[in-house]
Amino acid sequence: MSNRAQFATAEPGGVESRRAWAVAAATLAILSVSYGAPLLVVVGLEPITADLGVSRSAAVLASSAAWLGAGVGGILAGRIADRIGVRWTVAFGALALAAGLAASALGGIGSLWLGHLVLIGALGTGAIYPPLVVHVSRWFDRRRGTALALISSGQYVAGALWPIVFEHGIARFGWRHTMLAFGGFEAVCILPLALLLLRAAAPPPRPAAMAVPAGRRGRSLQAGLPASVSPRTAQAMLCAANFLCCVPMALPMAHLVAFCSDLGIAPASGALMLSTLLGAAFVSRQAWGWLADRIGGLPTILAGSICQAVALAGFLATRGEVGLFTVSAAFGLGFSGIVPAYVLVIRQFFPAREASWRVPVMLLCGTCGMAFGGWLGGAIYDRAGSYGAAFLVGIAVNLVHIALISTLLLRVRPDAVRVAAA
């Protein structure tokens, strides 16, 4: 009997088991609700700026603050989850999200910033997403890319579902009451899922498919990179690349509704366009996860980045409503596989015991890129009066990302990429 068959017989609730997929499904449901919180500012950008009397870049800074806070909080939450269990960090994060939405709704611009940075970002999303990503990655090996793509799609389920709901709620009840109502809703939904379905600890890893060469024992990298590339250098290159890819990624997601309004397209159509973008991302992310399991994380990142750059250029080439719906869907199809592939690369080339800090650090760089990209789009708009220059800057940053990932991919032994994918 093979090692895999022996493991499956001895550990029916272990790696690649039905229990593993149940944990992944619960995680998807949690993230589908929690990621709705930062979208409220995106959908309500115009009424929020009008109500608070601030510039567009000042209001969208709250969304950027939420991304930044999530990255910082995730590093600490990953360590805490290893000690007390992931369900308790997720339950705490759900309460923090509800408190953050309440604080944002009941005050001025300062409360909006603080509520998003500390409560929605650092203590909310930071306590939910990074610990869950690490937790789920430990339940899978052969289908790890597929599982990570599935759970990370929670962001896009939220994006496809909630903008339409928020647009109707804001139009009828105002942005403040909509924030308060959603805060109570997400707490009621997430707490039972966390406490009931995340009780089991992740099983121990199976024996590694790739042995560490004798000359590299004691180093963090398992295989694939030349001796001249240290684990610190490899992590730094991945973190820089993640930041660069997320800057242009944030532009349409943070400004699409406002961009449509500037073109004379109704806010309801803009919200539906954002839902189309993120809905397409959800569907395509499953295909990207399947591909990553077969070709490896680094090639998947490169392919996704090229698709993202091409789709981003499409926002400069069309101004009609039908054309923008098409470009939005293409953008969602292109970029959605990038971030889960970074987690896959970390798990492929570093030991499992280091995932609790390496994955959150890498995600921090991505959230910093999302925060900077969202703010940058608003700042360029305030200065130039349009989003054309912002999209050009985003394309330029995307090209730098392609060059960096290509450089890293060229330094990895082709056989190691294939083995890691297997």
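Me: Which residues in α4 meet Arg-56, Ala-59 and Val-60 in α5?
Reply: Happy to start there, keeping in mind that this is a predicted model. Helix α4 covers residues 45-52 and helix α5 covers residues 56-84, and their axes come within 9 Å. The residues on the α4 side of this contact are Leu-45, Glu-46, Ile-48 and Thr-49.

Me: How do the residues of the contact of α4 with α5 divide into nonpolar, polar and charged?
Reply: The α4 side brings Leu-45, Glu-46, Ile-48 and Thr-49, while α5 brings Arg-56, Ala-59 and Val-60. Sorted by kind, they come to 4 nonpolar, 1 polar and 2 charged.

Me: Are α4 and α5 roughly parallel or oblique to each other?
Reply: Their axes cross at roughly 120°. Angles from 65 to 115 degrees would count as roughly perpendicular, and those over 145 as roughly antiparallel. The crossing of α4 and α5 is also right-handed. With that angle falling in neither range, the two helices are therefore oblique.

Me: And what about α2 and α8: are they roughly parallel or oblique?
Reply: Helix α2 spans residues 18-34 and helix α8 spans residues 144-152, with their axes 8 Å apart. They pack at an angle of about 25°. An angle under 35 degrees is the cut-off here, so α2 and α8 are roughly parallel.

Me: How many residues of the contact of α2 with α8 are charged?
Reply: From α2 come Trp-21, Ala-24, Thr-27, Leu-28 and Leu-31, and these meet Thr-146, Ala-147, Leu-150 and Ile-151 in α8. The contact divides into 7 nonpolar and 2 polar residues, and the number of charged ones is none.

Me: Is Ser-63 buried or exposed?
Reply: Ser-63 sits in helix α5. Outside the residues up to four places away in sequence, Ser-63 touches Pro-38, Val-41, Val-42 and His-116. Its relative accessibility is 5%, and the cut-off is under 20%, so Ser-63 counts as buried.

Me: Which residues is Cys-245 in contact with, leaving aside its neighbours within four places in sequence?
Reply: Cys-245 lies in helix α11, which runs over residues 231-262. At 0% relative accessibility, Cys-245 counts as buried. Its C-alpha atom is separated by 9.7 Å from that of Gly-304, which is 59 residues apart from it along the chain. The contacts asked for are Gln-308, Ile-338, Tyr-342 and His-401.

Me: How many disulfides are found in the whole structure?
Reply: For Cys-246, the nearest cysteine sulfur is that of Cys-245, 3.9 Å away. A disulfide needs the two sulfur atoms within 2.5 Å, so Cys-246 is in no disulfide. The search of the whole structure gives a total of 0.

Me: Where is the nearest cysteine sulfur to Cys-368, which is in no disulfide?
Reply: Cys-368 is partly exposed, with a relative accessible area of 22%, whereas Cys-246 is buried at 2%. For Cys-368, the nearest cysteine sulfur is 6.2 Å away and belongs to Cys-365.

Me: Stepping back, how many helices and strands are there in the chain?
Reply: The chain has 422 residues, and 58% of them count as buried. Helices α2, α8, α4 and α5 came up above as packing partners. The full count is 18 helices and 0 strands.

Me: What percentage of the contacts with a separation of 6 or more comes from residues 24 or more positions apart?
Reply: This question sets aside contacts with a separation below 6. Among the contacts that remain, the share from residues 24 or more positions apart is 82%.

Definitions and conventions
Residues numbered from 1 in each chain as written. Predicted model: local features only at pLDDT ≥ 70, side-chain atom pairs only at ≥ 80, totals over all residues. Heavy atoms only, no water. Buried < 20%, exposed > 50% of the residue type's maximum accessible area, 1.4 Å probe, protein only. Axes fitted to C-alpha atoms, helices over the stretch in contact; angles between N-to-C directions. Helix = DSSP H or I, 4+ residues; strand = E, 2+ residues; numbered from the N terminus. Left-handed = near helix turned anticlockwise from the far one by under 90°. Contact = heavy atoms within 4.5 Å. Nonpolar A, V, L, I, M, F, W, Y, C, P; charged D, E, K, R; others polar.
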